[in-house]
Amino acid sequence: MTNIVFLLLMLISTPNQTTVKYNALIYPTEDHCIEARDGYMEAYEAKPDEYKRTMKTEAFCIPFDSFPIIGMPSQIGA
């Protein structure tokens, strides 16, 4: 049995780094993921221009199949 969950993938790039950093969280519904993504990007856009010159970021909600996750609310009725 599999469940669909949504991965919020946040990619972060900083000057003179040879790697892109990332953070990821899972959400039980696409709506929850989009709400979190939009909040993350709004917080970034509210930062001063100096901050945004030293850090670039983007975020994506990606659906994927997952085994049931203990503690994750069921999507039925969510």
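This is a dialogue on reading helix, disulfide, sheet and single-residue features in a predicted model.

Colleague: What should I know about the model before we start?

Modeller: This is a predicted model, in which local features need pLDDT of at least 70 and side-chain atom pairs count only at pLDDT 80 or more, while totals for chains, interfaces and linings use all residues. Residues are numbered from 1 along each chain as its sequence is written, and side-chain values use heavy atoms, with hydrogens and water left out.

Colleague: Let's take the helix. Which residues does α1 cover, and what span does α1 reach?

Modeller: Helices (H or I, at least four residues) and strands (E, at least two) are DSSP runs, numbered from the N terminus. The expected span of a helix is 1.5 Å times one less than its number of residues. Here α1 takes in residues 30–45, 16 residues in total, and its first and last C-alpha atoms lie 22 Å apart, close to the expected 22 Å.

Colleague: Which residues of α1 are buried?

Modeller: Buried means under 20% relative accessible area, exposed over 50%, and partly exposed in between (1.4 Å probe, protein chains only). In α1 the buried ones are Cys33, Met41 and Tyr44. Seen down the helix axis, they fall within an arc of 60° (taken from the directions from the axis to the C-beta atoms), so they line one face of α1. The general idea is that an α-helix has 3.6 residues a turn, so residues three or four places apart point the same way. On the other side of α1, Asp31, Glu35 and Glu42 are exposed.

Colleague: What do the buried residues of α1 pack against?

Modeller: With contact meaning heavy atoms within 4.5 Å, they pack against β1 (3–13), β2 (21–27), α2 (49–54) and β3 (56–66).

Colleague: Cys33 caught my eye. Which residue does a disulfide join to Cys33?

Modeller: A disulfide is a covalent bond between the sulfur atoms of two cysteines; here the criterion is a pair of cysteine sulfur atoms within 2.5 Å. The count by this rule is 1 disulfide, and it joins Cys33 to Cys61, with S to S at 2.3 Å. The pair links distant parts of the chain, with Cys33 in helix α1 and Cys61 in strand β3, 28 residues apart. The angle about the S-S bond is -105°, and the link of Cys33 and Cys61 is left-handed. Cys33 itself has 0% relative accessibility, so it counts as buried.

Colleague: Now the sheet. In what order do the strands lie?

Modeller: Two strands pair if DSSP finds at least two bridges between them. This open sheet of 3 strands has the order β2-β1-β3, with antiparallel pairing. Each of β2 and β3 stands at an edge with a single partner strand, so one side of each has no neighbour in the sheet. The twist averages 20° from one strand to the next. Between β1 and β2 there are 7 antiparallel bridges, and Leu11 stands opposite Tyr22 in β2.

Colleague: How does α1 run relative to β3?

Modeller: Axes are lines fitted to C-alpha atoms, for helices over the stretch in contact, and angles run from 0 to 180 degrees between N-to-C directions. On that scale α1 runs at about 170° to β3, lying across β1, β2 and β3.

Colleague: Where is Ser13, and which residues does Ser13 touch?

Modeller: Ser13 is in strand β1 and is partly exposed, at 32% relative accessible area. Not counting residues up to four places away in sequence, Ser13 touches Thr54, Met55 and Lys56.
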